[in-house]
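Me: Please guide me through this structure by means of short questions and reasoned answers.

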Amino acid sequence: MDSKTKQMIVSALCKHFSLNPEPFLGGAGENDVKTLYSNVLKASGKEVSAENNDVLKWLEFAEGFPASSKDSFAALEKLNVELASKSVLLGKGLTPSAADVVVFSALHSSVLGLSDSDKEKVPHVIRWTNYIQNKEELSTLFGPIPVKLPVFDFEASKSVVKVEAKANTKKAVESVKPVDKPEAQPSSKKAEPEEPKKKVTILDAKKEKKKPAQIEPANKEVELSVSLLNIQVGLIRKAWKHPSADSLLVEEIDVGEGKVRQVVSGLAKFCSPDDLANRLVALITNVKPGKLRDVMSEGLVLCASSEDHSVVQPLLPPAGAKPGERVSFSGIEGKPEDVLNPKKKQLEKITPNLYTDENGVATYKGIPFMTSAGPCTSSIPKATIK
């Protein structure tokens, strides 16, 4: 590993621990990664020892990361397998560890040089690097790694074609029926009493045709648009534990109203108040205010959840998104409700269509949650959003 990369590792670690990097940069090129990590760690008084087996594994990975593009891509493919089932290398929930910062620093230039086709082969690495560079705010030290967002083929036009096709098929079948009757009549010499039966059958068929017309309006009422939700970018100014519920956190969130909103979220098992402070979130602001365990809540923080619900994290609007701006969905227009009606269960009918795609982009039926600075994301791919 060259001295420049080692200096970048030291600078990134110092930023992670809020330390001045100057005292550590002098002899950075002469020390190995483990020593650099230990020196910064000792000064911070935080985190686990460099002798920890899990930490040592990733420090050695960073130290031995290949310089050649061919070998480095093979190493990225192995890392991609490791990241397939986790959000960060070490740590829990939303919090990257210092080891994550070290590995990111070591492979940054290699990932930055990948072609779009190679990036598609290591989606978990790209998702992870994008999360670390935004979460740790490393753009001042490293050039940002561009992440190409997927192009979505909207399903609306396809469904219209299918409906029209079905309608045309029904018309075709109905147009054939009158032609069949004259052909059947000459061969029906056997029994004249069968004629009343045919009249009854026609009457029954008319009755049956009326039934679908009665069912269709009920199905249409179930379809609710995401435009009913007022989803805004919010900045958490402060967070603390709920005074009487271990599973809840209370946040003060700025959505550009000139005052903060108080929101109660079930995130205490997945992240600490420090994780949430000064973090952007996607907030539904038109839910009906109410008390949760005697504490008033004026919004709902949208979170991505893994399939087994072991990892939960708030959606992350991109750096540069402004508190208060409304999240939009391409091709979907409509005015949000002033206040959602809990009795109509509008939120419950919409959220099953909210999920992250394979790259961690938050979507409604595959349409990204968009802000002025780009889409909202999560480090959890193919997650449910509630």
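Me: In this predicted model, which helix gives the largest share of the lining of the largest pocket?
Reply: Helices α1 (3–16), α7 (116–121), α8 (123–135) and α11 (273–276) each supply at least two residues of that lining. The largest share amounts to eight residues, and the helix that gives them is α8.

Me: Which residues lie nearest the centre of the largest pocket?
Reply: The space in the largest pocket is about 1,500 Å³. Its lining comprises 50 residues. Nearest the centre lie N130, Y131, N134, K135 and L316.

Me: How many residues of the lining of the largest pocket are nonpolar?
Reply: The lining residues fall into three classes. Of these, 15 are polar and 15 are charged, while the number of nonpolar residues is 20.

Me: How are α1 and α6 oriented, roughly parallel or roughly antiparallel?
Reply: Two packed helices are described by the angle between their axes and the distance between the axes. For α1 and helix α6 (residues 98–112), the axes are 9 Å apart and the angle is about 150 degrees. Angles over 145 degrees count as roughly antiparallel, and therefore α1 is, relative to α6, roughly antiparallel.

Me: Is the crossing of α1 and α6 left-handed or right-handed?
Reply: The crossing describes how α1 passes α6. In this model its hand is right-handed.

Me: Which strands are the edge strands of the open sheet of five strands?
Reply: Strands of a sheet pair through backbone hydrogen bonds, either parallel or antiparallel. Here the pairing is antiparallel, and the order is β3-β2-β1-β4-β7. The strands that pair on one side only are β3 (260–265) and β7 (300–301).

Me: What are the bridge partners of L235 in β2 and β4?
Reply: Strand β1 (residues 231–241) is joined to strand β2 (residues 249–254) by six bridges, and to strand β4 (residues 280–284) by five bridges. Both pairings are antiparallel. For L235, the partner in β2 is D254, and the partner in β4 is L280.

Me: Which residue in β2 stands opposite I236?
Reply: Strands β1 and β2 run antiparallel and are joined by six bridges. Opposite I236, the residue in β2 is I253.

Conventions:
Residues numbered from 1 in each chain as written. Predicted model: local features only at pLDDT ≥ 70, side-chain atom pairs only at ≥ 80, totals over all residues. Heavy atoms only, no water. Pairing = 2+ DSSP bridges. Helix = DSSP H or I, 4+ residues; strand = E, 2+ residues; numbered from the N terminus. 1 Å grid on protein atoms, 1.4 Å probe; cavity = no way out; pocket = protein on both sides within 12 Å on 5 of 7 lines; lining within 4 Å. Points joined across faces, edges and corners; volume = space filled by probe spheres on them. Nonpolar A, V, L, I, M, F, W, Y, C, P; charged D, E, K, R; others polar. Axes fitted to C-alpha atoms, helices over the stretch in contact; angles between N-to-C directions. Parallel < 35°, antiparallel > 145°, perpendicular 65-115°, else oblique. Left-handed = near helix turned anticlockwise from the far one by under 90°.
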